[in-house]
Amino acid sequence: MALTLISELKLKTEKGQDVTFYLPFLNDNRQLQFNFCSAFQGADYIVDEDKKAVEIRRRDKSTFIYFSKRDEQKFDQVMRVKQEILIDLRRLNQNFSTGKESLYAIESKDERYPFLITSPSIIDNGRFSIKYNKAIMYYINDKAKKEGEKH
């Protein structure tokens with residue numbers, strides 16, 4: 001089932017500049033991150049839960065845009081996005097192990113990678129975290145290991 005999550009977050013800097021962050025996803029460190037930002041280019045945009053801020057992380061420095069008192073609902077909404085992704089990933093792993101999640105092998109024209117292995121949940125929600133693709137890889141490798149032990 002496709003997740004219906006917010007696609008953008010609008011905040012104001014301390015100087016009153018409007019900043020919009022787009023396309024949330026869960027990174028490898030289980031942090032909510034955004035793919036794009038309207039005001040700052042060439043950075044990572046990571047939600048810092050402890051500081052209640054979005055960290056704009058560049059190579060040489062970080063800048064924080066804090067959720068103000070009036071933005072508490074937005075912060076709660078962002079935390080719900082993270083939780084929904086985590087819950088969906090847990091459900092996906094359970095569905096793989098119980099056989100409720102179908103696997104698709106889609107033929108490609110690339111000799112090096114003749115098939116794309118995916119599933120309905122990954123097609124629907126894979127854009128929300130790299131962990132969706134890692135879940136399928138883990139499942140396939142674990143299944144192959146178990147099958148190899150039987151023979």
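**Exercise 1. Find out whether Glu101 is buried or exposed, and what surrounds its side chain.**

*Solution.* Step 1: start with accessibility. Glu101 has a relative accessibility of 10% and therefore counts as buried (buried is under 20% relative accessible area, exposed over 50%, partly exposed in between, with a 1.4 Å probe and protein chains only).

Step 2: place the residue. Glu101 sits in the loop between α1 (72-98) and β7 (104-107); helices (H or I, at least four residues) and strands (E, at least two) are DSSP runs, numbered from the N terminus.

Step 3: look for a partner of opposite charge (Lys and Arg count as positive, Asp and Glu as negative, while His and the chain ends are not counted). Glu101 has no salt bridge, and Arg91, the nearest side chain of opposite charge, is 8.7 Å away. A salt bridge here is a side-chain nitrogen of Lys or Arg within 4 Å of a carboxyl oxygen of Asp or Glu.

Step 4: turn to polar partners. The Glu101 side chain reaches the backbone nitrogen of Ser121 at 2.8 Å, and a polar contact of 2.9 Å joins it to the side chain of Ser119. Such a contact is a pair of N or O atoms within 3.5 Å; within protein, one must be able to donate a hydrogen and the other to accept it, and residues adjacent in sequence count only if both atoms are side-chain atoms.

Step 5: list the neighbours. Leaving aside residues up to four places away in sequence, Glu101 touches Leu92, Asn95, Phe96, Ser119, Pro120 and Ser121 (contact means heavy atoms within 4.5 Å).

**Exercise 2. Decide how far the model can be trusted.**

*Solution.* Step 1: note the conventions. This is a predicted model, in which local features need pLDDT of at least 70 and side-chain atom pairs count only at pLDDT 80 or more, while totals for chains, interfaces and linings use all residues. Residues are numbered from 1 along each chain as its sequence is written, and side-chain values use heavy atoms, with hydrogens and water left out.

Step 2: read the confidence (pLDDT, the predictor's confidence in each residue, runs from 0 to 100). The protein has a mean of 92, and 98% of its residues reach 70 or more. Strand β4 (residues 44-48) is highest at 97, and helix α3 (residues 131-150) is lowest at a mean of 86.

**Exercise 3. Which residue forms a salt bridge with Asp28, and which parts of the chain does the pair link?**

*Solution.* Step 1: identify the pair. Asp28 bridges to Lys134, with the closest N and O atoms 3.0 Å apart. The pair links distant parts of the chain, Asp28 in the loop between β2 and β3 and Lys134 in helix α3, 106 residues apart.

Step 2: check the exposure. Asp28 is partly exposed at 41%, and Lys134 is partly exposed at 43%.

Step 3: put the pair in context. The whole structure holds nine salt bridges, including Glu55 with Arg57 at 3.0 Å.

**Exercise 4. Trace the pairing of β1, β2 and β3.**

*Solution.* Step 1: pair β1 (residues 8-12) with β2 (residues 18-26). They run antiparallel and are joined by five bridges (strands pair if DSSP finds at least two bridges between them). Lys10 has Thr20 as its bridge partner in β2.

Step 2: move on to β3 (residues 32-37), which runs antiparallel to β2 with five bridges. Here Pro24 is partnered by Phe34.

Step 3: inspect the turns. Both hairpins have five residues between their strands; Gly16 takes a positive phi near 90° in the hairpin of β1 and β2, and Arg30 one of about 60° in that of β2 and β3.
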